[in-house]
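Subject: Structure handover

Hello,

Here is the structure I promised to pass on. Please load it before reading further.

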Amino acid sequence: GCGTKGAQQTEAGCVSEDLSGTEKKLAFSNWPQYMDVDEKDESKRPSLDGFIAKTGIQVTYTEDINDNNEFFGKVQNQLAACQSTDRDLMVLTDWMAARMIRLGWIQKLDPAKIPNVQANLLPSLLNRSFDSENRISIPWQSGLAGLAYNGDVTKELRTVDELLTRPDLKGKVTALSEMRDTMGLLLGSNGHDPANFTTAQFDDALNKLKKAVDSGQIRKFTGNDYAPDLAKGDIAACIGWSGDVIQLSSENAKVQFVAPDSGVMLFSDNMMVPNKATHKGNAEALINYYYEPAVAATLAAYVNYICPVKGAQAEMEKIDPELAANPLIFPDEALLSKSKVFMALDEKQEKEYEGKFQQVIGA
Amino acid sequence: MTRETPAGDLRLANLTKRFGIFTAVDDLSLTVPQGSFFALLGASGCGKTTTLRMIAGLEEPTSGQVLLGDRDIARLRPYKRPVNTVFQSYALFPHLNIFENVAFGLRRRGIRSVDDEVLRMLSLVQLDDYGNRRPAQLSGGQQQRVALARALINRPQVLLLDEPLGALDLKLRRQMQIELKRIQTEVGITFVHVTHDQEEAMTMADTVAVMNAGRIEQLGAPADIYEFPATAFVANFLGQSNLLAAEAAGIAGDEVAVTAHGARFSVPAGRARADRGPVHLGVRPEKLHLVGSADQVPAGHQHVTGVVTDASYVGVSTQYLLRTGWGTELSVFTANSGAATQVPVGSEAVAYWDPRHAFLLSRDAADSDRTAPVVDEPVGASS
Amino acid sequence: MTRETPAGDLRLANLTKRFGIFTAVDDLSLTVPQGSFFALLGASGCGKTTTLRMIAGLEEPTSGQVLLGDRDIARLRPYKRPVNTVFQSYALFPHLNIFENVAFGLRRRGIRSVDDEVLRMLSLVQLDDYGNRRPAQLSGGQQQRVALARALINRPQVLLLDEPLGALDLKLRRQMQIELKRIQTEVGITFVHVTHDQEEAMTMADTVAVMNAGRIEQLGAPADIYEFPATAFVANFLGQSNLLAAEAAGIAGDEVAVTAHGARFSVPAGRARADRGPVHLGVRPEKLHLVGSADQVPAGHQHVTGVVTDASYVGVSTQYLLRTGWGTELSVFTANSGAATQVPVGSEAVAYWDPRHAFLLSRDAADSDRTAPVVDEPVGASS
Amino acid sequence: MRVSRWLADRWVMIVALLVLGYLALPILVVAGLSFNRPSSRLSYDFNEFTLDNWRQPCATSDMCDAVVRSVQIGFIATVVATVLGTLMAFALVRHRFRGRSGINVLIFLPMATPELVMGTSLLALFVSAGVPLGFWTIVIAHVMFCVSFVVVTVKARLAGMDRRLEEAAMDLYASEWQTFRRITLPLVLPGIVAAALLAFSLSFDDFIITNFNAGTTVTFPMYVWGAAQRGIPPQVNVIGTAMLAIALLLVGLSSLRGRRSRRANLLIGPGQGPQARRPS
Amino acid sequence: MTVLAQVPTGSGQPPPTPPAARSGRHRLLPYLLLLPGAAWLLVFFGVPLVQLAAASLYDPSGSLSTGYALTWAFGNYPDVLQAYWPQFLRSFGYAGIALVLALLLGYPLAYAIAQKAGRWKNLLLVCVVAPMFTSFLVRTLAWKTILSDNGALVGLLRDVHLLAPDGRLLATPFAVVLGLTYNFLPFLVLPLYASLERLDHRLLEAASDLYASPVQAFRRVTLPLSMPGLVAGTLLFFIPASGDYINAELLGTPNEYMIGNVIDSAFLVRLDYPQGAALSFLLMAAILAMVFGYLRRAGTEEVL
Ligand SMILES: Nc1ncnc2c1ncn2[C@@H]1O[C@H](COP(=O)(O)OP(=O)(O)OP(=O)(O)O)[C@@H](O)[C@H]1O
Ligand SMILES: Nc1ncnc2c1ncn2[C@@H]1O[C@H](COP(=O)(O)OP(=O)(O)OP(=O)(O)O)[C@@H](O)[C@H]1O
Ligand SMILES: NCCCCNCCCN
Ligand SMILES: [Mg+2]
Ligand SMILES: [Mg+2]
């Protein structure tokens, strides 16, 4: 009687209705500042406005996703109970996408309605383990997790080991509290494959991290808040995300993103249509729209993450040639070959690894 | 608040109030006729304030009734009672100015135009220009007058005054007394007045009650109580009395013969509360006259001899202490009318009195002399 | 706190206190000799409390000095002054019981074993069994006694008493007066005593100062002030006076001749504060004697004729009002010594006095008679 | 000597001003940065003076909506919580009744509950009851966690208040309600105002509980938190500074007016006039 | 008579309430006053709390997808205590130190506003809560700017050798305690203000007249009379501060993490609901125990 039921849903058990035919509406939840805005009038969003103008679909755009875990906490009750979250489209990172897909909370898209995706999705993002058909979660933006340093306060940094041991960096280092990014880099630095590792290998890497924490080398684990600190120089070096660091280096060339030879982590934030969303058709239209290279370039020019759309680089030339040449937005083969996607975890593994990791990072 | 019908007499029936095991008011019964001026006197802590608070409805009686006319109001909320109080501690509202303090009662009864009435009241208590001040900006006496005005303005059926003039100078007090009396007679309010100013009680009250340790010790017209007190407590509480421990031998004719310290005295039978056994022979200090020697004592008067040990000038009169042969000190007041000559301290003198001014009270066998200036015994515990 | 050396006289020099534009104390100068008992009298709101507060250091003078001996203490912190106060509003600490309230001062001076002293004090103010109660559980008079004990226990060099006995019944008040006086003489404390009880001031004080609207109006020995007041205000504030508007014609021999309402009177030159022009001819009510007709007036006395309009019994004496032919009412006190017969209200009577008991005060030409019971004029504004 | 005397008289005020300075320090930084043109979205350092942020305080999409919404929520939640909490405080201080300690636990527990726990478990309740999330669920949550703070604050003021004044009012024909309205309320007002200020700031500043129960509604703290993921827009500093400036302006004006009109003097408590004591 | 005319006449006067009815209403009154607030708390806090209590006793081997069974797993409690007692201790330690600091700072402030500010009272009160009008994130970022390793403050402290040349303020226990003190100070000051505001100045005068130096007068009169406010402020400060995790997260390092961080991670990251719930209940129980112990010691059962 007491206790909770499983949160698992199935397509048959939780059928959603699509009212797109009659309602030209779309509720889109995204991360803050993950959408291009007009430099002159910041209340305008050129690409999104373009979509609205083109389709007549009224988009309610909400920047209410700040953190994958937090957002999961916000919507899990509804989704577990097969209730509406009042959102038609939401953007979540790979592993969270994987978790939700695993739980049966996400609707499958109609490939026919998203031809641009089929045509333009970067090959390296095709057929990921949690979405082998590319019809459940479609990358919005991708990014890299690697090293970064501020050349004003420290000398160049090349490897993860340097970050964790160099005495001059002591207390001036941060790592990401996102387990997959930090542990992926550490696994790589140990010569293991983040996309495929054993528990012993994980523990090895975690030990290395723990030493760095205990010695005071690592000052803290962060979300996005490392960026201002890095810019200020309070943090000399860190594990960080490419998009942020590009922003910083455009201001101060001394701030540099480093892709260590041992590998960088590639992640995507993916568009998904949750169960009980009633405007799947409209969502598909929007997904398809953003996979037009020109639109993708407009977006990428603003947000500076890795653009998952083929052909956007060419479009970018027209907007900002310098950005078009930036490998952190349009990565070259060399970089792509170094990048790894973290192994897909089942629920038990996830709990085990997160538990161990959290223990080390203090919580 | 119902003022349509006259309230009727205020009656307290077996009123008792206990704080824990301490009995502050003890089975008190009395009647205050409607429209009369009733003064409550008593030692500090004897239960006066507590009694008033029960009448006002601010203290729940432990037992007993408060009746106004035929209505038992003991369970009525304070604001439903046609009763107002001048609080001993003033209890002025600190957040309201003087004007609003005085206007409070009227406003609560929904009266709109209060200005005239309030100004008239302020003027009555001689605080015309103080309406805008806060209570904290007034002197003690000024605050007391505000408390007075705040209650008076409501012209209730019963007005309870808890030492309402105690903080005023004599002159102002006399003026306020006259005002109070005027309002009382004009409007026919029943006044229950607690005061420590005996002259005030005497001149203003129709009836005086002397309270002692939660009970009424004597009740009556002021002059009656003063002239012929019922107990030693009253005799010494209201004014002063020289009380000589004596033995009464019973009524002989219309007199009672008593022996005190070997001397023989007599008292009219009508002025004796006891006529046999241990008694107090009482004479008021102002009824004693001082002369140099026994042969100056007029006929029909009785006297004792002693030495003047103290003389103190108090303006209107001079107060002498006369130490009798057996050691008791008698108090003698001589009016400074300019006629009598001063008696020097240390000289021998004779105090005499008219037996009709003496009175007899019963006395516990253990009691000895209780002349006026004895201070070594606590008041509350007396007789 | 420094009690090693005697404090010396307490001197106030040109002390002034203003609240905004209101002057509460106005350029006050006086000297209270060390160890003396000084009484401060005055109308409500005349600045007595404010004066005491400046002496205690609780109010910063707007200007002027407070000197103790040769030391200007006006800038000294209250807790550094060898001065204690019995506050008019008591200011008992509500969170401490009575014992701790009384012990407060001793404890603050670091005295460890306070029990005996505190119990002695509580017993002195007749609150032996109240040590464990909170102030809120005491009656008004009991609270006042705690305030008294709390200050007295410290035996300071200067003790300021702001109506310290006002809430006590007459009997207790007299007892406390005697205690105060005893402590004062025994320990040699300088007392500055504010009271509205004139008898208290008269009997206890070495010096009395009568204050009016922030200034000292007269200062001197009690009997001197009473017998020969300096101003009409004092004459009527301290006791009562019958003041007849009169014209003085200058000194003739050792007398001043005056005319009032057509009648001629005389006053010894030594008792005239003015000898020419408009004056008040003053006689105290107790110095007036009532007789039925002018031929009963003894030789050498002066008299006026009138009708008795009121007689009120106040125990010790009876107070008559005599309406004179020209309309003024004179107040006459007759001691109820049993000797004099009562004069019935409505009857014609003659009031006479010995000229040596009269006095002359200067008068503004506009002033008319100021006999005692006039109440229609505010006190503060007088003379 | 002079100096030490001067200090002795004023040190409390001096310390108080220093503490206020401590409280103001970060706000000064915020105010300064509101005039900053940041070098990049991720920078939180002073770069270049500009008035742009003040000229277009709402330039960032949705931010001003969020501010307005937060003010509305804060206002409603403050009023409701203050009323409910004040009633409870009165019951607890003025009455002896069965179940007091149970009520006390019910009041302390919410303060002792981690915000996250409170947020998620309330969310579970709303979801299982099928309550649509949004403005009103936020209000409900805010009232819930503000009430305890109000109760405790008002109780602190109410405890030991002089009952004699209320007795005097009743003696002067004021019914229970009128006594409350005319005497008790004004005397307790400083406590209630303090409680309301607490409630408003709790509500206006809350992120965690709000975040869980907001559905797709965005409040100002949620906006800031979200924005911070990609760098704080400088207008956030404008809002912080402007809120403060407006509050100070309103209060400043009212206290200036309060010198003349008695009614405006809301926050200034009556203190206690010189009455003899004897609260019963 | 004129007096009679002032009084509302007529027979609309309701009959006096019978004694029984009045005392009946009187007995019900406290419940009526409590009803709305208590109902609100019971529904929106009490009910979820029961669910949470159940969650703390779930079988720890359950999972999100399969669900949890209520197995009355009381073992969850010792388990989490075992694992996380350092964070518990740290929480109360930091909150306690911050409380002491806050008392030192907050009491003078509350006193000054209540007794010395005159008509600036309102303004100063608003200044106390002003920090809350910026968002907590913004003010914490501002603190980070102030405490920055390369900022003026650290520079100054290094120059005067209060800080080692490579010493820092950020990411230290100092910064966390400072953040706690700062963020919760208004919760201490406001109730304290409310009770100091009615302090009768004449009692302080009486104390100083009775040889109490300012310190003694404070100790013997002001402090005891402000006890209700002090107790309330202490609780409003300490309780939320010991459950806080934002300050530790933003201003500290993992070595400063408090129990709030652990609970946060249990619920949001590790999805270990039984642990999270058990931790929450332990926290609440510890705080309640401390609160009631404190109230008893402070002798203010009356007050709270
Ligand atoms: N804080 C204040 N602000 C303005 N006026 C004040 C203040 N305190 C006292 N006063 C005024 O100063 C005058 C003197 O006050 P004080 O208390 O000294 O009178 P008092 O002689 O003690 O009178 P009482 O016999 O009535 O106690 C009064 O008229 C009073 O209204
Ligand atoms: N709340 C209380 N708790 C305990 N005892 C009390 C309380 N209130 C009054 N008393 C006691 O009851 C007795 C009567 O008090 P009450 O105030 O009626 O005296 P009173 O006659 O007015 O005295 P006073 O003339 O001094 O004002 C006193 O002895 C007092 O100590
Ligand atoms: N602040 C918006 C950027 C979103 C970054 N997503 C983080 C995913 C990390 N794995
Ligand atoms: Mg009394
Ligand atoms: Mg006074």
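Below is what I found, starting with conventions and confidence.

This is a predicted model, in which local features need pLDDT of at least 70, side-chain atom pairs count only at pLDDT 80 or more, and totals for chains, interfaces and linings use all residues. Residues are numbered from 1 along each chain as its sequence is written, chains are lettered from A and ligands numbered from 1 in the order in which they are written, and side-chain values use heavy atoms, with hydrogens and water left out.

**Confidence**

The complex gets an ipTM of 0.85 and a pTM of 0.86 from the predictor. Chain E has an average pLDDT (the predictor's confidence in each residue, from 0 to 100) of 83. In that chain, 89% of the residues score at least 70. Watch residues 1–24 of chain E: pLDDT stays under 50 there. The model gives that stretch 27 contacts (heavy atoms within 4.5 Å) beyond four places in sequence. Where pLDDT is low, the predicted coordinates should not be read in detail.

**Magnesium site**

Which protein atoms are the donors of the magnesium ion (ligand 5)? They are OG1 of C:T49 and OE1 of C:Q88, lying 1.9 to 2.2 Å from the ion. Donors here are N, O and S atoms within 2.8 Å of the metal (3.2 Å for Na, K and Ca); water is not among the atoms, so sites may look incomplete. The two residues are 39 apart in chain C. C:T49 sits in helix 1 (residues 48–56), and C:Q88 in the loop between strand 6 (83–86) and helix 2 (98–108). Helices (H or I, at least four residues) and strands (E, at least two) are DSSP runs, numbered from the N terminus. C:T49 is partly exposed at 24% relative accessible area, and C:Q88 is partly exposed at 21%. The cut-offs: buried is under 20%, exposed over 50%, partly exposed in between (1.4 Å probe, protein chains only).

**Chain C against chain B**

Here 56 residues of chain C are in contact with 57 residues of chain B. About 4,400 Å² is buried between them, 57% of it from carbon and sulfur atoms. Buried area is the accessible area (1.4 Å probe) that two parts lose on being put together, summed over both. C:S44, C:K171 and C:Y313 supply 14% of the area that chain C buries against chain B, more than any other three residues. The rule finds 0 salt bridges across this interface. A salt bridge is a side-chain nitrogen of Lys or Arg within 4 Å of a carboxyl oxygen of Asp or Glu. Helix 5 of chain C gives the most to the side that touches chain B, with 6 residues.

**Salt bridges elsewhere**

Over all chains, the search finds 63 salt bridges. Three pairs deserve a look.

- A:E350 and A:R99 meet at 2.6 Å, N to O. They are 251 residues apart, in helix 15 (residues 347–360) and helix 3 (residues 94–102) of chain A. A:E350 is buried at 5%, and A:R99 is buried at 1%. Both belong to a salt-bridge network with A:R102, A:R180 and A:E354.
- D:R163 and D:E166 meet at 3.3 Å, N to O. Both lie in helix 7 (residues 163–171) of chain D, 3 residues apart, about one turn of the helix. D:R163 is partly exposed at 34%, whereas D:E166 is buried at 8%.
- E:E197 and E:K121 meet at 3.0 Å, N to O. The pair ties together parts of chain E that are 76 residues apart in sequence. E:E197 is buried at 3%, and E:K121 is buried at 7%.

Best regards
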